[in-house]
Amino acid sequence: MEAGIEACRRGLERSPDPLNTAAALGFLGFAYLMKGDLAQAIPLIEQSVEQFGRFRIRHYQGLFTSVLGEAALQSGQIDKARELAIQGLELAREVKFWYGVGWAQRALGRIAQASGARAEARAHLEEALRTFAAIEGRSELGRTHLAMAELAHAEGHREAVATHLGAARRLFSALRIPQYVERTEQLAKEYGVPLPASAR
């Protein structure tokens, strides 16, 4: 994670123009979010959203608005998180930016789960799975399977937990993303479910 943050920092320092700066701010904020450093992440993502909005680049304005919603969720601001994710979804749909649509759908699913609305959470997460599958966004598809596994665990559906974790493990292994392979295996141990042999 530190290597990713450092790479994003270098990108920001070397940005040749304001548009690239907006992107660099967003991705650096996202890297901090993945690390769990909300104090660093949120101001950077907010700057990115503001700048993309000023440039009227709806694709990335929508995406990073949804990322900001995820940050709000992690900071416990459920209502704000939902508002941001809905806004991100609307922006991404407006320009048919399906990667951003999938991100917003997954964020809405996680927000609904945090609110105790499990049926709504499942509907949003299933939408995100379909969206990422349609655009062959395999890393995000894997991350969405992890979210589905978390929901299935909350509902006590062990078989579904194993299915989603197995799907995530196969995707992350094929993409050679070791930190997510490890995360998936940790979740399997935490949830007390075996990974299917085909996922190894």
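The following paragraphs describe the fold, the helices, the nonpolar cores and several single residues of a predicted model.

The secondary structure of the chain consists of 10 helices and 0 strands. In sequence order, the pattern is therefore α-α-α-α-α-α-α-α-α-α. The C-alpha trace spans about 50 × 35 × 30 Å along its principal axes. The radius of gyration is 17 Å, which agrees with the value near 16 Å for a compact globule of 200 residues. Of the 200 residues, 47% are buried. Among contacts with a separation of 6 or more, 55% join residues that are 24 or more positions apart. The chain has an accessible surface of about 9,900 Å², and carbon and sulfur atoms account for 51% of this surface.

Helix α2 covers residues 18–35 and contains 18 residues. From its first C-alpha to its last, α2 reaches 26 Å, close to the 26 Å expected at 1.5 Å a residue. At the N-terminal end, α2 is capped by Asp17, which has a side-chain oxygen 3.1 Å from the backbone nitrogen of Leu19. Residues of α2 that are buried include Ala22, Leu25, Leu28 and Tyr32. In an α-helix there are 3.6 residues a turn, so residues three or four places apart point the same way. The buried residues of α2 also include Ala24, Gly26, Gly29, Ala31 and Leu33. After α2 comes Gly36, with a positive phi near 90°.

Two of the buried residues of α2, Ala22 and Leu25, are in contact with Gln51, which also touches Pro18 and Thr21; neighbours of Gln51 within four places in sequence are left aside here. Gln51 belongs to helix α3. The relative accessible area of Gln51 is 13%, so this residue counts as buried, the limit being under 20%. Between Gln51 and Val67 there is a separation of 16 residues in sequence and of 15 Å in space, C-alpha to C-alpha.

Val67 is part of the largest nonpolar core, which holds 33 residues. Together with Leu28, Tyr32, Ile45 and Phe64, Val67 is among the residues that touch the most other members of this core. The core receives two or more residues from each of α1 (2–13), α2, α3 (38–55), α4 (58–74), α5 (78–94) and α6. Helix α4 gives the most, with 7 residues. With neighbours within four places in sequence left aside, Val67 is in contact with Phe30, Leu33, Ile45 and Trp103. Another core, of 15 residues, lies apart from this one, and its members include Val181, Ala188, Tyr191 and Leu195.

Helix α8, formed by residues 138–155, has 18 residues. The distance from its first C-alpha to its last is 25 Å, close to the 26 Å expected at 1.5 Å a residue. The buried residues of α8 include Glu140, Leu141, Gly142, Arg143, Thr144 and His145. Leu146, Ala147, Met148, Ala149, Leu151 and Ala152 of α8 are buried as well. These buried residues pack against α2, α6 (98–114), α7 (118–134), α9 (158–175) and α10 (178–191). Just after α8, Gly156 has a positive phi of about 80°.

Thr144 lies within helix α8. Its relative accessible area is 0%, and Thr144 is therefore buried, since the limit is under 20%. The side chain of Thr144 reaches the backbone oxygen of Glu140 at a distance of 2.7 Å. When residues up to four places away in sequence are not counted, Thr144 touches Arg106, Leu125, Ala128, Leu129 and Phe132.

Positive phi values also occur in two loop residues. Most residues other than glycine have a negative phi. Lys96, which is not a glycine, has a positive phi of about 55°. This residue, Lys96, is placed in the loop between α5 and α6. With a relative accessible area of 57%, Lys96 is exposed, because the limit for this class is over 50%. Arg176, likewise a residue other than glycine, has a positive phi near 55°. Arg176 is found in the loop between α9 and α10. The relative accessible area of Arg176 is 75%, so Arg176 is exposed by the cut-off of over 50%.

How values were computed: Residues are numbered from 1 along each chain as its sequence is written. This is a predicted model: local features need pLDDT of at least 70, side-chain atom pairs count only at pLDDT 80 or more; totals for chains, interfaces and linings use all residues. Side-chain values use heavy atoms; hydrogens and water are left out. Helices (H or I, at least four residues) and strands (E, at least two) are DSSP runs, numbered from the N terminus. The expected span of a helix is 1.5 Å times one less than its number of residues. Buried means under 20% relative accessible area, exposed over 50%, partly exposed in between (1.4 Å probe, protein chains only). Contact means heavy atoms within 4.5 Å. A nonpolar core is a set of buried Ala, Val, Leu, Ile, Met, Phe, Trp, Tyr and Cys residues joined through side-chain atoms within 4.5 Å. A polar contact is a pair of N or O atoms within 3.5 Å; within protein, one must be able to donate a hydrogen and the other to accept it, and residues adjacent in sequence count only if both atoms are side-chain atoms. The radius of gyration is taken over C-alpha atoms; the globule rule is 2.2 Å times the number of residues to the power 0.38. Accessible areas come from the Shrake-Rupley method with a 1.4 Å probe; for residues, only the protein chains shown count as cover.
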